[in-house]
Amino acid sequence: MNFFVDLFKNAMTDQSLVYRVVETGVLILIILLLIRAARHLMHRIVTNPERKYRLGKLIGRIGMVIFVVSLIALWAPERGQVATILTVIGAGLAISLREALLSMAGWLNILTRQSFKVGERIEINGIKGDVVDIRPLHTTLMEVGAWVDADQSTGRLVHIPNAWVFLHQVQNYTHGFRFVWNEMSVTLPPDANWKRARTIIGELADESAGIVGQQAEQDIRRLASEYLVHYSILTPFVYVKLTDTGVKLTLRYLCEARKRRGTEHAFTEQILDRFAQEEIPIVVGGTSTRIAPCSEE
């Protein structure tokens, strides 16, 4: 404490105080000009929007660090005491800003280990969303799920502390492998032709599985170079199960993580149309029901 009191007294009695204030103003101006020049040069060289975003953030943070260190060196009673000042400040910050420092460590962990990055969909501590910003203290997600059915956006921005990467499991839906396995079920009454229904569902799934399968295979080959991942079957499959109300058919298929609801909607429409054409009933609310054929207007 006495050290900082002496620092203040020396600053107040020092005849060069005015010069230091002027030097501080010049320092701020120089730092701002350097940041602006670096960003201008970066925009001329870099064309990728994502890289521009990241480099712009990095330039601003580097400029802030340089400014703080230069400011301490400028106002120190003796130039040799800069290290002492930084040590004392660091010890105080470690005690009073524990959560903030833990979030900073989490930020470094995110950047180095790349557990997720901007544009990817993650879930952590029960919060799911697309990463739209990563800052030293927090990460911002465009929330999905919550009160909205399936994996669609709620429209809310959620800020989560970076310290969570040490406290909770991070689930990444799109890193390396952009696809997830999705399942949808339909139940038939016991007297329905479940084999024909199973064939119809399988045919519909196979029609859209070609392109997805090729893309998934490419992702798996890239993923296998980093993780011990092996998938031998990527094609859709229809499982059959007996239940109290009838025969349950469950379609398991690959789809892009952000298109789960859309693909399920498309399959449901196609299945209902085919079942209506072939007069295959389904169980709804415990009651056997035949789907009436519909005509588009």
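## Thr154 and the two largest pockets

In this predicted model, Thr154 is part of strand β4, which spans residues 153-161. Thr154 counts as buried because its relative accessibility is 16%, below the 20% limit that applies to buried residues. The side chain of Thr154 takes part in a polar contact of 2.8 Å with the side chain of Glu143, and a polar atom of the Thr154 side chain also lies 3.2 Å from the backbone nitrogen of Arg156. When residues up to four places away in sequence are set aside, Thr154 touches Glu143, Val144, Gly145, Ala146, Trp147 and Val148.

The largest pocket holds about 370 Å³ of space. Its lining consists of 15 residues, of which Arg54, Leu55, Arg61, Trp107 and Leu111 are the closest to the pocket centre. Helices α3 (49-75) and α5 (98-113) each contribute at least two residues to the lining of the largest pocket, and α3 provides the largest share, with 7 residues.

The second largest pocket, with a volume of about 310 Å³, is lined by 19 residues, and Ser208, Val212, Leu254, Cys255 and Thr263 are the closest to its centre. At least two lining residues of the second largest pocket come from each of α7 (194-207), α8 (209-224), β8 (247-256) and α9 (260-277).

The composition of the two linings by class is set out below.

| Pocket | Nonpolar | Polar | Charged |
|---|---|---|---|
| Largest pocket | 9 residues | 1 residue | 5 residues |
| Second largest pocket | 13 residues | 4 residues | 2 residues |

Technical notes
Residues are numbered from 1 along each chain as its sequence is written. This is a predicted model: local features need pLDDT of at least 70, side-chain atom pairs count only at pLDDT 80 or more; totals for chains, interfaces and linings use all residues. Side-chain values use heavy atoms; hydrogens and water are left out. Helices (H or I, at least four residues) and strands (E, at least two) are DSSP runs, numbered from the N terminus. Buried means under 20% relative accessible area, exposed over 50%, partly exposed in between (1.4 Å probe, protein chains only). A polar contact is a pair of N or O atoms within 3.5 Å; within protein, one must be able to donate a hydrogen and the other to accept it, and residues adjacent in sequence count only if both atoms are side-chain atoms. Contact means heavy atoms within 4.5 Å. On a 1 Å grid over the protein atoms alone, a cavity is a set of points where a 1.4 Å probe fits but cannot get out, and a pocket is an open set with protein on both sides within 12 Å along at least five of seven lines; lining residues have an atom within 4 Å of a point. Grid points are joined across faces, edges and corners, and a volume is the space filled by probe spheres set on the points. Ala, Val, Leu, Ile, Met, Phe, Trp, Tyr, Cys and Pro count as nonpolar, Asp, Glu, Lys and Arg as charged, and the others, Gly among them, as polar.
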